[in-house]
Amino acid sequence: MYKLILRPLLFQYDPERIHHITFKMIRFFCKIPFMKNIFKGIYSVNDPRLKTEVFGLEFKNPIGLAAGFDKDAKLYNELSNFGFGFIEIGTVTPKPQEGNPKKRLFRLKADQAIINRMGFNNGGVHGAVERLKNNKGVLVGGNIGKNKVTPNNEAVEDYKICFDALYPYVDYFVVNVSSPNTPNLRALQDKEPLTKLLKTLQDKNNLKEQQKPILLKIAPDLSNEQLLDIIDIVKGTAIAGVIATNTTIDRSNLQSQGAITKEAGGLSGKPLTNRSTEVIRFLTKESNNAFPVIGVGGIHTVKDAMEKIDAGASLLQLYTGFIYEGPQLIKDINKEILKRK
């Protein structure tokens, strides 16, 4: 029904506008008492064999929603009704910011892809905290970043502010230094600044009575040498793991034609499938499975998901695949995982 009826209708409209309209629709239907149970009944796979323990947390199933969809933690409770085992909110920054000028979100239908240059548009970490106080039992990750106006040499302070504010309300953290849409942000992936940032956050974490997993989200555009540096940094700072991968700036081998392919921003969706799987495989092999990897990028089919699991991913996240394929994809992946049990 989603792909035959709803998606063609939604895809007639501007993607950012329809994103907000869809949020309103989901919120409206989930306020109707029986609708939440209907969504759960259609899309959830409730089987104890799907429970997955990773970095000390128990996930009811290994399929999550990636950051960027529910930036401001406005719909995580409702989205959990579609079968997700966990929801990652953000990226949030200390202060609210508008992000980049519109238009900044583009569909590449021929490639089953999206280009975005949103630029960490969000209402600030403290607004997200207020909404997270209403959590109805959803396992939530908090994806944190820096404000655009914050220079890189002061970025650590922004991440510390977000860490402290979110700490009581999220189950794990994700340090986002890999978005291509905030000027110079990716420079923080270099070994020295990244080590300093992660060590600072982990030191704060170690002072807590109960530590929470800190993960690093990396770009798919890193070289093998840079990925080896990432492995060393993760081991050296003792953070919990890696999310591989964010969006790419690569535009090779696209089926779409015209000016849309030249739009600045991060590309997500099908064109990222193979590269993100390659990164997962490289990290797990070269580190000798020293830390968990969450696989994300180009998961549009059950086959895509299984390839990432076979490459070494402990958990998976959807974003663009969720938009193109709908919530049935979550159910189908979970059912395939059960076949392997």
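Here are a few questions and answers on one helix pair and one strand of this predicted model.

In this predicted model, local features need pLDDT of at least 70 and side-chain atom pairs count only at pLDDT 80 or more, while totals for chains, interfaces and linings use all residues. Residues are numbered from 1 along each chain as its sequence is written, and side-chain values use heavy atoms, with hydrogens and water left out.

Q: Are α7 and α8 roughly parallel or roughly antiparallel to each other?
A: Take helix α7 (residues 191-206) and helix α8 (residues 224-237): their axes are 10 Å apart and the packing angle is about 25 degrees. Angles under 35 degrees count as roughly parallel, over 145 as roughly antiparallel, 65 to 115 as roughly perpendicular and the rest as oblique. The two helices are therefore roughly parallel.

Q: Which residues of α8 does α7 meet?
A: Contact here means heavy atoms within 4.5 Å. On the α7 side, the residues are K191, L194, T195, L198, K199 and Q202. Their partners in α8 are D229, I230, D232, I233 and T237.

Q: How many residues of strand β7 are buried?
A: Buried means under 20% relative accessible area, with exposed over 50% and partly exposed in between (1.4 Å probe, protein chains only). V140, G142 and I144 point one way from β7, G141 and N143 the other, and all are buried. So β7 (residues 140-144) is largely enclosed by the rest of the structure, and the count is five of the five.

Q: In β8, what is the bridge partner of G142?
A: β7 and strand β8 (residues 172-176) pair in the parallel sense over four bridges; pairing takes at least two bridges found by DSSP. Opposite G142 in β8, the bridge partner is F173.

Key: Axes are lines fitted to C-alpha atoms, for helices over the stretch in contact, and angles run from 0 to 180 degrees between N-to-C directions.
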